[in-house]
Amino acid sequence: MHEMMQDHITVNEVPFYQETAFLVLVAVGFAVLVAWLIRRRDFRLGGLLQSREKFVNEAILVVDLCGSTKLAVTQGDVFAMRIKNNMKACVRELSNKLGANYFESTGDGYLITFADAADAITAAIRVLQQAADHNKTASEKERIELRIGINFGELILDKDGGRHGASINKAFRIEGLTKEQRRNVGDAQEHPGFVQKNRIFVSEEISEEVKGNREIRIRPIGIFELKGFTGLHRVYCIPWNEFARD
């Protein structure tokens, strides 16, 4: 009889959701979920903060070495590289000295940005002045001939600090401007000093930025069409050889 009663006694089993192993798994899973949510929130917050800073207004300076392809074909790649290195040393030194925000090689030239339009113009003037000094003692084939275009506008910064935007494209269009792009509109006057090389052309945005700066002289050269941009655009030149040297 006693044995039969023992057979009918049931063992009180612990429900699975109260077992220690299950509770540990739940706690770990909850902790992982919380960590993921925090990280996701921080990522979104960081993205929002970065989005506030990825637009900047800067002066864009474009320097281009004239006839670089012809130079490489007629004189060889080594010779062309030596001329480019001479130009780079000059441009890099002045850019650093004047506090450039960004410096990038474009193959035959450089894209440089400054916070202030006056600094961009000063850098351009000094680059051409140093190139002129170099050319005084250089042979004809070793001369450094440059074209410079400057614009001012909004730029987009990528995560590595690279610059992007239509304002850069406009600086390149101004740098490569030709007389054929000029349009006769109203009383627009063409400055007789339109030259093909060793020049500094700037946009109307730059002209507005330096208005009132008595140390910077600026002259209109006409109204032009710019490829890829609607409408007509006033363009100016900087008479760099009239500025005093440091």
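This is a short walk through the structure shown above, from the whole chain down to single side chains. The model is a predicted one.

Start with the overall layout. The chain has seven helices and nine strands. It holds 246 residues, and buried residues make up 37% of them. Now take the contacts in the chain with a separation of 6 or more. Residues 24 or more positions apart account for 69% of those contacts.

A good first stop is strand S1, which covers residues 55–65. Glu-58 is found in this strand. Its relative accessible area is 4%, so Glu-58 is buried. What does its side chain hold on to? A polar contact of 2.9 Å joins the side chains of Glu-58 and Asn-101. Asn-101 is also in the list of residues that touch Glu-58 from beyond four places in sequence. The others in that list are Thr-113, Phe-114, Asn-151, Phe-152, Gly-153, Leu-155 and Arg-163.

Asn-151 is the next stop. It lies in strand S4, residues 146–157. Is Asn-151 buried or exposed? It counts as buried, because its relative accessibility is 1%, and the limit for buried is under 20%. The side chain of Asn-151 makes a polar contact of 2.7 Å with the side chain of Ser-203. Beyond its neighbours within four places in sequence, Asn-151 also touches Glu-58, Ala-59 and Ile-60, among others. Further along the chain, its contacts include Ser-167, Lys-170, Ala-171, Glu-205 and Ile-206. Thr-113 offers a distance to check by eye. Thr-113 and Asn-151 are 38 residues apart along the chain, and their C-alpha atoms are separated by 9.6 Å.

From Asn-151, step across to Lys-170. This lysine is found in helix H6, residues 166–175. Its relative accessible area is 9%, so Lys-170 is buried. Which side chain does the side chain of Lys-170 meet in a polar contact? The partner is His-233, at 3.5 Å. Leaving aside neighbours within four places in sequence, Lys-170 is in contact with Asn-151, Ser-203 and Glu-205. Leu-226, Phe-229 and His-233 complete that list.

His-233 leads on to helix H7, residues 204–209, where Glu-204 is found. The C-alpha atoms of Glu-204 and His-233 are separated by 7.4 Å, although the two are 29 residues apart along the chain. Glu-204 has a relative accessible area of 32%, so it is partly exposed. Beyond four places in sequence, Glu-204 is in contact with Arg-234 and Tyr-236.

Now turn to the aromatic rings. A pair of aromatic rings is described by the distance of the centres and the angle of the planes. How many aromatic pairs does a search of the whole structure find? It finds three. In one of them, the rings of Phe-103 and Tyr-110 have their centres 5.0 Å apart. Their planes are at 35 degrees, so the pair is tilted. Another tilted pair is formed by Phe-194 and Phe-201, with 5.2 Å between centres and 50 degrees between planes. Both Phe-103 and Tyr-110 are buried. Phe-194 and Phe-201 are both buried too. Ring pairs also bring in Phe-224, linking it with Phe-194 and Phe-201 into a cluster.

Arginines sit over some rings. Arg-92 lies over the face of Phe-103, at 3.8 Å from the ring centre. Arg-217 lies over the face of Phe-243, at 4.4 Å from the ring centre.

Helix H5 deserves a look of its own. It runs over residues 117–137 and has 21 residues. From its first C-alpha to its last, H5 reaches 32 Å, close to the 30 Å expected. At the start of H5, a side-chain oxygen of Asp-116 reaches to within 3.0 Å of the backbone nitrogen of Ala-118.

Two smaller points remain. Asn-198 lies in the loop between strand S6 (182–183) and strand S7 (199–203). It is not a glycine, yet Asn-198 has a positive phi of about 50 degrees. Then there are the cysteines. A search of the whole structure finds zero disulfides. Cys-66 counts as buried because its relative accessibility is 16%. Cys-237 also counts as buried, at 8%.

Conventions:
Residues numbered from 1 in each chain as written. Predicted model: local features only at pLDDT ≥ 70, side-chain atom pairs only at ≥ 80, totals over all residues. Heavy atoms only, no water. Helix = DSSP H or I, 4+ residues; strand = E, 2+ residues; numbered from the N terminus. Expected span 1.5 Å × (residues − 1). Polar contact = N/O pair within 3.5 Å; in protein donor to acceptor, adjacent residues only side chain to side chain. Phe/Tyr/Trp six-rings, centres within 6.5 Å; stacked < 30°, edge-to-face > 60°. Buried < 20%, exposed > 50% of the residue type's maximum accessible area, 1.4 Å probe, protein only. Lys NZ or Arg CZ within 6 Å of the ring centre and 35° of its normal. Contact = heavy atoms within 4.5 Å. Disulfide = S-S within 2.5 Å.
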